[in-house]
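This report is for a reader who is new to the structure shown below. Please look through the sequence and the model before reading on.

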Amino acid sequence: MNRLIGLVLAGMVWLGALGGWTLGPGASSAGASSGISTIIDPVGDTNPQAASYQDVTLGSLSKRGTSFQFVQQVAGPVPAAPQLPSSVVLMSWCWGMDTNPATDPKGYPLAPGTANPLEYLACVLWDGTTFSAELFDRTPLLTGGQAVVTPVPFTVSGQQLSVSVDEGLMDKPSTFAWDTGTENRHSPIPSNGFQELDFAGDGTWPA
Ligand SMILES: [Ca+2]
Ligand SMILES: [Ca+2]
């Protein structure tokens with residue numbers, strides 16, 4: 001099952017919008033990677049509506065210091081200002097994390113009541129004006145609370161996008177399943193108004 005279905009983020013208040021292109025505090029060079037988990041995905045396997053820069057070719061996950069480094073490579077360079085297709089309000093490049101196989105949080109950013117295995121979701125987002133990146137902590141949904149949204153450092157450069165997520169924002173998971181994908185969003189969240197473009201799954205941390 002595709003864990004990223006519907007987990008596309010639109011209509012949100014852009015917290016910490018940084019207003020530009022290759023942005024964000026960026027990944028620190030401190031510390032050494034202790035290993036890397038990778039997911040390979042074919043070129044040309046997307047929904048026909050996808051641009052080349054929405055065609056995932058590789059996902060990778062490593063750790064640098066206390067931060068998880070999520071990377072996605074795509075088949076074509078991401079433009080400085082991608083043109084949103086008609087009716088699309090948001091493009092996203094996301095990494096989904098299933099830290100507890102026994103739980104399926106319901107709701108945000110999906111429509112209320114819609115369950116999904118992911119406890120956490122990190123996305124680079126393009127709203128037609130600005131790139132940003134957010135971590136969505138969905139674990140509060142399990143106990144009647146609301147998802148927590150936290151801006152995270154990110155990069156968009158050529159055919160690669162990345163986000164850096166401190167392990168503390170994910171309750172320091174020792175192991176989890178992860179995946180990565182791209183989507184176009186047609187309606188504001190919380191809702192299920194999205195179109196999945198490409199998906200690459202079955203990653204595990206640690207590798
Ligand atoms: Ca692909
Ligand atoms: Ca889960």
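The text below describes a predicted model, beginning with strand pairing and then turning to backbone geometry.

**Strand 9 and its partners**

Strand 9 (160-166) has pairing partners that include strand 3 and strand 8. Strand 3, made of residues 67-74, runs antiparallel to strand 9, and 7 bridges join the two. Within this pairing, Phe 70 has Val 163 of strand 9 as its bridge partner. Strand 8, made of residues 154-157, also pairs with strand 9 in the antiparallel sense, here over 4 bridges. One of the bridge pairs links Ser 157 with Gln 160, the latter in strand 9.

Strand 8 and strand 9 form a hairpin with 2 residues between the strands. In this hairpin, Gly 158 takes a positive phi near 60°.

How many of the 7 residues of strand 9 are buried? The number is 5, so strand 9 is largely enclosed by the rest of the structure. A residue counts as buried here if 20 or more other C-beta atoms lie within 10 Å of its own.

**Positive phi outside glycine**

Most residues other than glycine have a negative phi. Two aspartates in this model have a positive value: Asp 171, with phi near 60°, and Asp 202, with phi of about 70°.

Asp 171 sits in the loop that runs between strand 9 and strand 10 (176-185). Asp 202, by contrast, is part of a strand, namely strand 11.

Are these two residues buried or exposed? Asp 171 is exposed, because 12 other C-beta atoms lie within 10 Å, and the cut-off for exposed is 12 or fewer. Asp 202 also counts as exposed, because it has 9 C-beta neighbours inside 10 Å.

**Cis peptide bonds**

Most peptide bonds are trans. The table lists two that are cis, with the place of the proline in each.

| Residues joined | Omega | Place of the proline |
|---|---|---|
| Tyr 108 and Pro 109 | about 5° | Pro 109: loop between strand 4 (90-98) and strand 5 (120-126) |
| Trp 205 and Pro 206 | about -5° | Pro 206: segment after strand 11 (194-205) |

Strand 11 thus comes up twice in this account. Asp 202, with its positive phi, is found in strand 11, and Pro 206 lies in the segment after that strand. Strand 9 likewise comes up again, as the loop holding Asp 171 lies between strand 9 and strand 10.

Note on methods:
Residues are numbered from 1 along each chain as its sequence is written. Chains are lettered from A and ligands numbered from 1 in the order in which they are written. This is a predicted model: local features need pLDDT of at least 70, side-chain atom pairs count only at pLDDT 80 or more; totals for chains, interfaces and linings use all residues. Two strands pair if DSSP finds at least two bridges between them.
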